Amino acid sequence: MKNNQFITLAIETSCDETSVALVADGREVLSNVILSQVDTHTIFGGVVPEIASRHHLENINRVAQNAMREASIKPDEIDMIGVTYGPGLVGALLIGIATAKAFSFAWNKPLVGVHHIQGHISANYITHKELEPPFVSLVISGGHTSIVEVTGYNECRVLGKTRDDAAGKAYDKVARVLGIGYPGGPAIDRIAKEGNPHAVEFKRVFLEKDSFDFSFSGIKTGVLNYLNSEKQAGRDIHIADVAASFQLAIMEVVVFKCISAVRFAKTDKLVLAGGVAANSLLKKMLSEECEKYGIELYYPPPVLCTDNAAMIGCAAYYKYIAGGKDDLTLDAFANLEL
Ligand code: KG4
Ligand code: ZN
């Protein structure tokens with residue numbers, strides 16, 4: 001406790017960001033230190049799990065010290081330790097969990113394991129102090145693409161999810177074939193602004209009528225086939241046009257399904273979460289559609305869209321006050337259903 005506030009120290013290491021945050025009363029961020037390994041993984045065009053774990057191990061103590069210093073919080077002022085326990089890269093998750101257990105044991109504080117997706121959704125509680133469930137959330141990141149009906153802080157139902165690649169993964173793959181860098185999402189978002197989104201008609205995959213599921217794996221092949229046929233025909237390739245056309249093909253499907261899901265769930269709030277929620281076209285298209293249907297749209301700032309520990313601290317707080325607690329047997333799960 002500090003000034004009568006409940007203080008959570010939260011840890012996130014599920015992929016390639018080493019992050020530690022101090023969060024007061026679940027929604028106030030005192031510090032949120034994020035050490036990204038993106039430069040290390042760029043040369044491989046994707047995250048190398050073994051390298052990610054080693055980097056987490058090398059950096060986690062320093063990141064934790066910096067987070068505590070920045071928040072002016074000492075160990076005896078911390079009330080609880082929250083940590084991501086899945087889904088994610090198992091070796092990367094284990095570094096965060098081992099650190100959280102060590103703090104919990106040494107300082108005699110309760111330990112709470114958090115589902116990474118629950119964390120992404122919770123980033124919105126930090127940003128929008130008035131936001132409460134129920135609502136529909138689009139969780140769209142490098143590892144996940146799901147539409148979730150959130151009925152309480154700790155209750156939700158998955159309405160649909162990707163049957164193959166996550167949207168962020170499709171962005172990363174297409175950026176790689178276009179040779180515009182890693183991570184692909186921000187690169188395509190930027191370059192697409194200079195392109196014509198109607199230059200190439202990539203196939204929109206809606207699946208069965210009324211399904212809230214997605215399929216994004218075919219679009220990389222669509223882009224590859226287009227690039228090959230243009231090369232064979234000796235035509236110049238306009239990267240910005242391809243990026244803009246790819247992005248529109250993805251987002252038309254995502255926006256349509258989100259609006260349908262909000263209406264299906266009979267709510268009037270749509271909440272975006274995950275790395276791809278930082279995408280400027282997605283926010284623009286959804287703002288316009290939500291306005292048409294009288295839906296309130298919520299999303300976090302980019303720094304809380306991508307992986308960070310503050311969102312884990314928020315989710316841990318709501319799990320803890322509902323009686324959720326873990327112990328030193330807490331394990332990591334690469335695949336963890338919501
Ligand atoms: O949530 P996150 O940091 O990690 C996972 O849990 O997966 O999301 C990372 C993903 C990457 O695929 C990255 O390309 C994508 O989010 N991303 C974006 C944007 N910023 C990050 N995708 C589209 N537009 C963006 N502006
Ligand atoms: Zn994530």
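This talk goes through the sheets, the nonpolar cores, the salt bridges and the cysteines of a predicted model.

Let me start with the sheets. One open sheet has five strands in the order β3-β2-β1-β4-β5, and its pairing is mixed. For those new to this, strands of a sheet pair through backbone hydrogen bonds, and they do so either parallel or antiparallel. At the edges stand β3, residues 28-36, and β5, residues 111-115; each has a single partner strand, so one side of each is left without a neighbour in the sheet. From one strand to the next, the twist averages 20 degrees.

Which strand pairs with β4 in the parallel sense over five bridges? That is β5, and β4 itself covers residues 80-86. Within that pair, G86 has H115 in β5 as its bridge partner.

Two helices to point out here. Helix α3, residues 90-107, packs on this sheet and touches β1, β4 and β5. The direction of α3 makes about 160 degrees with that of β4. Helix α11, residues 309-321, also packs on the sheet, and the strands touched by α11 are β1, β2, β3, β4 and β5. Against the direction of β1, that of α11 makes about 125 degrees.

Now to another open sheet of five strands. The order here is β8-β7-β6-β9-β10, again with mixed pairing. Its edge strands are β8, at 155-161, and β10, at 296-298, and each of them pairs on one side only. Neighbouring strands in this sheet are turned against each other by 25 degrees on average, if direction is ignored.

Strand β9, residues 269-273, pairs with β10 in the parallel sense, over three bridges. In this pairing, L270 stands opposite L297 of β10. Helix α9, residues 280-293, packs on this sheet, where α9 touches β6, β9 and β10. Its direction and that of β9 make an angle of about 175 degrees.

Next, the inside. In soluble globular proteins, nonpolar side chains tend to be buried together. How many residues does the largest nonpolar core have in this model? The count is 50, and the residues with the most contacts inside this core include I147, F246, L270 and L282. At least two core residues come from each of β6, α5, α6, α7, α8, β9 and α9. Helix α8 gives the largest share, with 15 residues.

If you want one residue to look up, take I147. Leaving out residues up to four places away in sequence, I147 touches several others, among them V136, L138, V158, L159, F212, F214 and C258. There is also another core, lying apart from the one just described; this one has 30 residues, including I126, A310, A316 and Y318.

On to charges. The structure holds 14 salt bridges. In one of them, the side chains of R163 and E208 meet, at 2.8 Å from N to O. This pair links distant parts of the chain: R163 sits in the loop between β8 and α5, E208 in the loop between α6 and α7, and they are 45 residues apart. R163 counts as partly exposed, at 44% relative accessibility, and E208 is partly exposed at 44% as well.

Two others are within helix α9. E288 forms a salt bridge with K284, and their closest N and O atoms are 3.5 Å apart. Both residues lie in α9, four residues apart, which is about one turn of the helix. E288 counts as partly exposed, with 44% relative accessibility. K292 forms a salt bridge with E289, with the closest N and O atoms 2.8 Å apart. Because K292 and E289 are three residues apart in α9, about one helical turn separates them. K292 is exposed, at a relative accessible area of 62%. Going back to R163, salt bridges that share partners join R163, E208 and D213 into one network.

Last, the cysteines. A disulfide is a covalent bond between the sulfur atoms of two cysteines. How many disulfides does a search of the whole structure find? Zero. Why does C290 not bond to C258? The sulfur of C258 is the closest cysteine sulfur to that of C290, but the distance is 8.1 Å, too far for a bond. C290 counts as buried, at 2% relative accessibility. For C314, the closest cysteine sulfur is in C156, at 14 Å, and this too is too far for a bond. C314 is buried as well, with a relative accessible area of 0%.

Conventions:
Residues numbered from 1 in each chain as written. Chains lettered and ligands numbered in written order. Predicted model: local features only at pLDDT ≥ 70, side-chain atom pairs only at ≥ 80, totals over all residues. Heavy atoms only, no water. Disulfide = S-S within 2.5 Å. Buried < 20%, exposed > 50% of the residue type's maximum accessible area, 1.4 Å probe, protein only. Pairing = 2+ DSSP bridges. Axes fitted to C-alpha atoms, helices over the stretch in contact; angles between N-to-C directions. Contact = heavy atoms within 4.5 Å. Core = buried A, V, L, I, M, F, W, Y, C linked by side-chain atoms within 4.5 Å. Salt bridge = Lys/Arg side-chain N within 4 Å of Asp/Glu carboxyl O.
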